[in-house]
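Dear colleague,

Please find the structure you are to take over directly below. My findings follow it, with the cut-offs stated where each term first appears.

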Amino acid sequence: MIRTSLLAGFATLALLSAPAMAQNVANVSNTAAGIGNVAEQSATVMQRGKGLFAGPNTANVSNTAAGIGNFAGQSALVMQRSKGPFSGGSTATVGNTAAGIGNTALQGATVMQRSKGLFGPSNAANVQNLSAGIGNFAGQGALVRQR
């Protein structure tokens, strides 16, 4: 009898707290590999976590062109918000890569993160652009705003 009551209580708690503990995860990727390829991507990710134990929000956006004479161009906008007494922070990773011979990697990224909670959850943003090999060009413009 006691065990049945305890199990029912835990099941009820799990159902009631599920929305309050929701986590938002987004993964967006674009890849071109070989010779003379073009990988262009425009991505917008908007995440909002709200509740007692809201979040964290996680976004991964990547664009890759690898080989010979490739072009990797990316425009990314990531907006994340987390609000709640014990909310988690937000994490955004935006990557653009051109690797090989004669490649070009261009990226424009904007990351806006806002987290409110009792214990001031942290936000993390990682914006990277890589062009590796021979005769490559890597150009990047990034704006990161965290509150």
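Strands β2 and β4 pair in the parallel sense over 13 bridges; strands here are DSSP runs of E with at least two residues, helices are runs of H or I with at least four, both are numbered from the N terminus, and two strands pair if DSSP finds at least two bridges between them. Please note that this is a predicted model, in which local features need pLDDT of at least 70 and side-chain atom pairs count only at pLDDT 80 or more, while totals for chains, interfaces and linings use all residues. Residues are numbered from 1 along each chain as its sequence is written, and side-chain values use heavy atoms, with hydrogens and water left out.

The first sheet

Within the pairing of β2 and β4, Gln-41 has Gln-74 of β4 as its bridge partner. Gln-74 in turn has a bridge partner in β6, namely Gln-107. β4 and β6 are likewise parallel, and 13 bridges join them. A further bridge to β6 links Met-79 with Met-112.

These strands belong to an open sheet of 4 strands in the order β2-β4-β6-β8, with parallel pairing. Its edge strands, which pair on one side only, are β2 (38–50) and β8 (137–146). On average, and with direction ignored, neighbouring strands of this sheet are turned by 5° against each other; the axes are lines fitted to C-alpha atoms (for helices, over the stretch in contact), and angles run from 0 to 180 degrees between N-to-C directions.

The second sheet

Another open sheet of 4 strands has the order β1-β3-β5-β7, again with parallel pairing. β1 (24–35) and β7 stand at its edges with a single partner strand each, so one side of each has no neighbour in the sheet. The average turn between neighbouring strands of this sheet is 0°, direction ignored. As general background, strands of a sheet pair through backbone hydrogen bonds, either parallel or antiparallel.

Strand β5 (residues 90–101) runs parallel to β7, and 11 bridges join the two. In this pairing, Ala-99 stands opposite Ala-132 in β7. Ala-132 lies in β7, at residues 124–134, and is partly exposed because its relative accessible area is 32%; buried means under 20%, exposed means over 50%, and partly exposed lies in between (1.4 Å probe, protein chains only). Leaving aside neighbours within four places in sequence, Ala-132 is in contact (heavy atoms within 4.5 Å) with Ala-98, Ala-99 and Gly-100. The C-alpha atoms of Ala-132 and Ile-101 are separated by 8.1 Å, and the two residues are 31 apart along the chain.

Two asparagines in loops

Asn-70 is placed in the loop between β3 (57–68) and β4 (71–83), and Asn-103 in the loop between β5 and β6. Asn-70 counts as buried because its relative accessibility is 2%. Asn-103 is also buried, with a relative accessible area of 1%. Their C-alpha atoms are separated by 4.8 Å, although the residues are 33 apart along the chain.

Residues up to four places away in sequence are not counted in the contacts that follow. Asn-70 touches Gly-34, Ile-35, Gly-36, Asn-37, Ala-65, Gly-102, Asn-103 and Thr-104. The contacts of Asn-103 include Asn-70, Gly-67, Ile-68, Gly-69, Asn-136 and Phe-137.

A nonpolar surface patch

Leu-52, Phe-53, Phe-86, Leu-118 and Phe-119 make a nonpolar surface patch of about 540 Å². Patches are made of residues with over 30% relative accessible area and no salt bridge, with like charges joined within 9 Å and nonpolar side chains (Val, Leu, Ile, Met, Phe, Trp, Tyr) within 5 Å. A salt bridge is a side-chain nitrogen of Lys or Arg within 4 Å of a carboxyl oxygen of Asp or Glu. Accessible areas come from the Shrake-Rupley method with a 1.4 Å probe, and for residues only the protein chains shown count as cover. One member of the patch, Phe-119, lies in the loop between β6 (104–116) and β7, and counts as exposed because its relative accessibility is 63%.

The chain as a whole

The chain has 1 helix and 8 strands, in the sequence pattern α-β-β-β-β-β-β-β-β. Of its 147 residues, 33% count as buried. Its accessible surface comes to about 8200 Å², and 62% of this belongs to carbon and sulfur atoms. Among contacts between residues at least 6 apart in sequence, 72% join residues at least 24 apart.

With kind regards
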